[in-house]
Amino acid sequence: MTTSAGAGLLGVLPASAERGTDGRLHVGGCALADIAAEFGTPALVFDEQGLRERAREYRQEFGSRHPATDVHFASKALPCAPVLRVLASEGLGCDVASAGELAIALAAGFDPEHVLLHGNAKSDRDIGDALAAGVGLIVIDNADDVDRLVRLGASGRRVLIRVNPAVPGLTHAAVDTGSEEAKFGVPLDHAPALIERVAGLDGLELLGLHVHIGSQLLDLDGFGRAAEAIAALGRFGVYDLGGGLGISYTPEERAPSVAEYAETTVRALHDHLDPEARLIVEPGRSMVGRSGVMLYSVVTVKRGARTHVAVDGGMGDNLEPMLYGTRFAAAVVDRERPAERCELVGHHCESGDVLIPGIDLATPEVDDLLVVAATGAYCYSMWNNYNGARRPPVVLVRDGDARLAVRREEMRDLLARDVL
């Protein structure tokens, strides 16, 4: 059997990925090999048109079923201002979980009125910056949030209350946010008292409820059960039913479509809550995941008990396999060779630095270019400098043009905050 770049991989590569007339693999009209030659590796590449089409798909699928829907991008999935600017220009709102994410969202051009602040442990700085910026909504996660809002002089601020529905998300334990043991939201039996308290405060305007059950959800049943769980708390004008739609990381994995997700979420609102209410949804991973790919160069190949293929990146630029057991798909770019079972590993001094275990690659050789699909979500969010690694650049591609969005870190950046 032979394998080549893109063979069986197109379903998880960006929507614009194709084999060009030159026989090479292209994204956004640009050959991946040319991008690597210009910007170096590792590099995170985004299909700009794919981002725009996904944003439009979300707005269309929800708008056609429930016109009173606000789509807020969950910026924790990709807190990168140049990419967020693309989503802002498509009319999306943004949700942030800290003062830092708020600063990034504002720099990207989001209207503060269409920004939502949430988080389970908001500091004075988080809330204070949100008040100063005039964000449209603040999600109260606990009674301490209320104390801070009052103390910081919130006046006329519109808020939601996040409720823990005791509905576990069927996903990895680390990203299950709906179970009874999760740290997010007020427990169902405590919610009535908090609702009554907030509703009685002159400085806060309680619009409705917020619920979120997890991330990388491939089973949609939980959305209806979460809506049903909070229905007994009364009727409100706004319901934020969170996000969490998963994506396909490998060709064998099937994720629900945006249309299926919209149908399920809107039905949950209509059946259990209020069909006249405003709906907010917070897609993150499913908005940007597929549109990003990582490019690596092979640094060394060791053939022994296992074939270890080591690249010039690793857990410094992709922690998902190590934290959540996420299995990615990859291929050697523009090479047709017999398939070889390999361990795709990084260059960090850690045995756990394994990007993809047991993957078939086209007999890798030193200096080969590799593409890893579906790295658009959370990889950038968790980049780090382990072993003094310099964080990679971000490149946006569209219509045959590749432009730098975030430069590669330089050695001086590693010392920029040190006081020597």
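In the predicted model, strand E10 (residues 157–164) and strand E12 (residues 204–210) run parallel and are joined by six bridges, with isoleucine 161 of the former standing opposite leucine 209 in E12. Strand E10 also pairs in the parallel sense with strand E11 (residues 186–187), here over two bridges, and in this pairing valine 163 has valine 186 of E11 as its bridge partner. A further parallel pairing, over three bridges, links E10 to strand E9 (residues 137–140), where isoleucine 138 is found opposite valine 159 of E10. The connection between E9 and E10 involves helix H6 (residues 143–151), and the three elements together make a right-handed β-α-β unit. Strand E10 itself is mostly covered, since six of its eight residues are buried, that is, under 20% relative accessible area.

An open sheet of three strands, in the order E2-E3-E4, shows antiparallel pairing instead. Strand E2 (18–19) and strand E4 (30–31) occupy the edges of this sheet, and because each has a single partner strand, one side of each is left without a neighbour in the sheet. The antiparallel pairing of strand E3 (residues 25–27) with E4 extends over two bridges, and histidine 26 has alanine 31 in E4 as its bridge partner.

Among the open spaces of the model, the largest pocket has a volume of about 490 Å³. This pocket is lined by 23 residues, of which Lys76, Val175, Thr177, Phe184 and Tyr378 are the closest to its centre. The lining of the largest pocket is of mixed character, comprising eight nonpolar, eight polar and seven charged residues. Enclosed space is also present, in the form of three cavities of 30 Å³ or more. The largest cavity contains about 80 Å³ of space, and of the 14 residues that line it, those closest to its centre are Ser215, Gly244, Glu282, Gly284 and Tyr378. By class, the lining of the largest cavity divides into seven polar, four nonpolar and three charged residues. Tyr378 is thus listed among the residues closest to the centre of the largest pocket and among those closest to the centre of the largest cavity.

The backbone of tyrosine 378 also merits description, as its phi is near 70 degrees, a positive value in a residue other than glycine. Tyrosine 378 is placed in the loop between E20 and strand E21 (394–398), and it counts as buried because its relative accessibility is 12%, where the cut-off for burial is under 20%. Aspartate 367, likewise not a glycine, has a positive phi of about 80 degrees and lies in the loop between strand E19 (354–362) and strand E20 (369–372). In contrast to the buried tyrosine 378, aspartate 367 counts as exposed, at 65% relative accessibility.

A cis peptide bond, with omega about -5 degrees, joins threonine 41 and proline 42. Proline 42 is found in the loop that lies between helix H1 (32–39) and strand E5 (43–47).

With regard to cysteines, the structure holds zero disulfides. Cysteine 342 is buried, with a relative accessible area of 1%, whereas cysteine 349 is exposed, with a relative accessible area of 65%.

Terms used: Residues numbered from 1 in each chain as written. Predicted model: local features only at pLDDT ≥ 70, side-chain atom pairs only at ≥ 80, totals over all residues. Heavy atoms only, no water. 1 Å grid on protein atoms, 1.4 Å probe; cavity = no way out; pocket = protein on both sides within 12 Å on 5 of 7 lines; lining within 4 Å. Points joined across faces, edges and corners; volume = space filled by probe spheres on them. Nonpolar A, V, L, I, M, F, W, Y, C, P; charged D, E, K, R; others polar. Buried < 20%, exposed > 50% of the residue type's maximum accessible area, 1.4 Å probe, protein only. Helix = DSSP H or I, 4+ residues; strand = E, 2+ residues; numbered from the N terminus. Pairing = 2+ DSSP bridges. Right-handed = clockwise from strand over helix to strand, strands pointing away. Disulfide = S-S within 2.5 Å.
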